[in-house]
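I opened my notebook and the viewer side by side this morning. Here is what I looked up, in the order I went through it.

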Amino acid sequence: MKTIKTEVAVIGGGTAGMTAYRAASSGGKKTVLIEGNQFGTTCARVGCMPSKLLISAADAAHAVREAAPFGVQAGELKIDGRAVMARVRSERDRFVGFVTEAVDDYPAEDKLHGYARFLSPTRLQVDEHTIVETERVVIATGSSPIVPEEWRAGSRVITSDDVFYWDDLPTSIAIAGAGVIGLELGQALHRLGVRVTIFGRGGSVAQLGDPEVLTVARKVLKDELDLRFDTKVVKVEQHGEQVTVTSEHKNGESRTEHFDFLLSAIGRKPNLDQLGLEHTGLVRDHHGVPVFNKYTMQCGDSAIFIGGDADDERPLLPEAADQGRIAGDNAARYPDVRPGLRRTPLGIAFTDPQIATAGASYKELCESHPGRFAVAQVSFENQGRSRVMLQNKGLLRVYAEYRSGRFLGAEMIAPRGEHIGHLLAWAAQAGLSVSAMLDMPFYHPVVEEGVRTALRHLAHELANEPKHDDPCVDCTPAP
Ligand SMILES: Cc1cc2nc3c(=O)[nH]c(=O)nc-3n(C[C@H](O)[C@H](O)[C@H](O)COP(=O)(O)OP(=O)(O)OC[C@H]3O[C@@H](n4cnc5c(N)ncnc54)[C@H](O)[C@@H]3O)c2cc1C
Ligand SMILES: NC(=O)c1ccc[n+]([C@@H]2O[C@H](COP(=O)([O-])OP(=O)(O)OC[C@H]3O[C@@H](n4cnc5c(N)ncnc54)[C@H](O)[C@@H]3O)[C@@H](O)[C@H]2O)c1
């Protein structure tokens, strides 16, 4: 076994690990980046990019199918599954290539291949070949899809990782989980002609928490998809080239159906199990994640930092990049750690209509501002531009604080939700009041006019604050 010495060791060479490596190196510290698998990142290889490539193919098919009401006859729709997957894989490989080129530029002595685990807070073992003695560590090990043990019935039970290595589209697929992955992939595959059934254990839809938006989202998605809420997958068996899925609705009704695949999309868990965290002395939460400061990414007051999906705070690409940068920067500065820039939360599910959340969520506000925030909404059913495009489905709900009039957040299922989400997240981060937002320009005819309608209603609601006897601890202090 070889022993090497370094000042900072970064475990995991994905997005968070790469930004941590660059920040720690720029901070003047000798840094080693340890990767157990391939470089290229989850986002580029089996995450954000290939999923959006598949969705873009589905959008093209959908546009052809939906052309007739505009007076456009597109002829018989043919989907060449092999061509769809060939483009997904080749464009994906291009994105992965950009990442690996960046890693190729890192000095060879800064990279170590193998799985790292802690022997002590400052000693790591990498596979069976190297001991790394280090002053500081960044944990950036990412996350993995969850597949319950009882579903592991053979090669026909898959995760999102497998989808992006297909050569052709299957005929049918069952998807467990109506989260972001289940809905993005489920709708895309449905639009590409695959028979898709999505099982939602309860009634949740992607990252939504606002009950009104949830109701509309459930209806809009159910109108298009075979999406079964309150239905659990209770038995999974592989028979030859097919998987047999038995599901049970909460009313007790049970069904057994056959599919080419069952995709487990019931969430992801941080890759921490095999890391030897028990040798670090770190305090961990009930999910086993080290307790960390979300502004410094420091675990307790130790020289160990964490970032990206590994910390399970906001498992999204822009957050992994930010958290990795802060973790690497502070690993270099340790013990003089400083808070880094954490941005206003923004989440976008690339369904159609898109599902977006910006700023504080409805559930968070019910906790932090009970009775202290006003709510208003707009439906996109009769919104001018949305109707012009025949995309007039969805609901936007906006939240603002009584007294200060500060805009707090929004949840939506909406046409062009990715853009509305950005606009509203920027307003929340800038601390704009609703009246300041209404002073901004709105063009015509645009979906943002729907946002203006919601904000006008919100301004009206703000003027009708209910009476309170007790002070609001988390509200903006009066000027
Ligand atoms: C299907 C899908 C679609 C997605 N779409 C989006 C999207 O549209 N927008 C968005 O913002 N986010 C999206 N995400 C989420 C996003 O991809 C992740 O949040 C992000 O990639 C996490 O980056 P990371 O650096 O934490 O992890 P990763 O990129 O997974 O890096 C972790 C690395 O650590 C390595 N590793 C693990 N354990 C060890 C060890 N012990 N020793 C050494 N190396 C180790 C792994 O091999 C891996 O390379 C999507 C995710 C999925 C799965
Ligand atoms: N557009 C994006 O930004 C994007 C896209 C894909 C993935 N991601 C990231 O990847 C993460 C993981 O995605 P995901 O969709 O796997 O997880 P998720 O947490 O978004 O959704 C999982 C869903 O599965 C349900 N579930 C849990 N156990 C179940 C069971 N036994 N049977 C049926 N349903 C069950 C949960 O209630 C939840 O609704 C997301 O949280 C997100 O951070 C982001």
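**Entry 1: Thr141.** I started with Thr141 and found it in the loop between strand E6 (130-139) and strand E7 (143-145). A reminder to myself before going on: this is a predicted model. Is Thr141 buried or exposed? I counted 30 C-beta neighbours inside 10 Å, and the cut-off for buried is 20 or more, so Thr141 counts as buried. Leaving out residues up to four places away in sequence, I see Thr141 touching Ile11, Gly12, Asn271, Leu272, Leu275 and Ala310.

**Entry 2: the annotated binding site.** I looked up why Thr141 might be marked, and UniProt's unreviewed entry has a "binding site" annotation covering Lys52, Thr141, Gly142, Ser143 and Asp309. These residues span 258 positions in sequence and the farthest two C-alpha atoms are 23.3 Å apart, so they do not all gather at one spot. I then checked Lys52, which sits in helix H3. With 16 C-beta neighbours inside 10 Å, Lys52 counts as partly exposed, whereas Thr141 counts as buried.

**Entry 3: ligand 1.** Next I turned to the surroundings of ligand 1. Which residues come nearest? Of the 34 around the ligand, they are Gly12, Gly14, Gly47, Gly142 and Gly308. I recognise Gly142 from the UniProt annotation, and Gly12 from the contacts of Thr141. I also asked which elements build this shell: helix H1 (15-26), strand E2 (31-35), helix H2 (42-46), helix H3 (48-65) and helix H8 (317-333) each supply at least two residues. By class, I noted 16 nonpolar, 16 polar and 2 charged residues in the shell around ligand 1.

**Entry 4: domains.** I pulled up the domain assignment, which gives domain 1 as 2-145 + 270-333, domain 2 as 149-266 and domain 3 as 346-463. I looked at how domain 2 and domain 3 meet: their C-alpha centres lie 30 Å apart, and the contact takes 14 residues from domain 2 and 19 residues from domain 3. On the domain 2 side, helix H6 (180-191) and helix H7 (211-224) each supply at least two residues. H7 gives the largest share of that side, 5 residues. I sorted the side of domain 2 that touches domain 3 by class and got 8 nonpolar, 3 polar and 3 charged residues.

I also compared this with the record. UniProt's unreviewed entry lists residues 7-324 as "domain: FAD/NAD(P)-binding". In the model, the end C-alpha atoms of residues 7-324 lie 17 Å apart, and the span is 31% helix and 26% strand.

**Entry 5: ligand 2.** Where does ligand 2 lie? Domain 2 and domain 3 both give residues to the shell around ligand 2, so the ligand lies between them. Of the 23 residues around ligand 2, I listed Gly177, Gly179, Ile181, Arg201 and Ile266 as those that come nearest. H6, strand E12 (231-239) and strand E18 (346-349) are the elements that give two or more residues to this shell. H6 gives the most, with 4 residues, and I had already met H6 on the side of domain 2 that touches domain 3. The class count for the shell around ligand 2 came out at 13 nonpolar, 6 polar and 4 charged residues.

**Entry 6: the start of the chain.** I went back to Lys2, which is found in strand E1 (residues 2-11). With 9 C-beta neighbours inside 10 Å, Lys2 counts as exposed. Not counting residues up to four places away in sequence, Lys2 touches His129 and Thr130. I also took the distance from Lys2 to Thr15: their C-alpha atoms, 13 residues apart along the chain, are separated by 28 Å.

**Entry 7: the whole protein.** I finished by zooming out, and found 13 helices and 22 strands in the protein. The radius of gyration is 24 Å, close to the 23 Å that the globule rule gives for 479 residues, so the protein is as compact as a globular protein of that length. The C-alpha atoms fill a box of roughly 70 × 70 × 45 Å along the principal axes. Of the 479 residues, 45% count as buried. Among contacts with a separation of 6 or more, I noted that 69% come from residues 24 or more positions apart.

Definitions and conventions: Residues numbered from 1 in each chain as written. Chains lettered and ligands numbered in written order. Predicted model: local features only at pLDDT ≥ 70, side-chain atom pairs only at ≥ 80, totals over all residues. UniProt positions renumbered as here; feature names shortened; annotations may be inferred. Domains from an automatic or database assignment. Contact = placed C-beta atoms within 7 Å. Nonpolar A, V, L, I, M, F, W, Y, C, P; charged D, E, K, R; others polar. Near = placed C-beta within 6 Å. Rg over C-alpha atoms; globule rule 2.2 N^0.38 Å. Buried ≥ 20, exposed ≤ 12 C-beta atoms within 10 Å, placed from the backbone.
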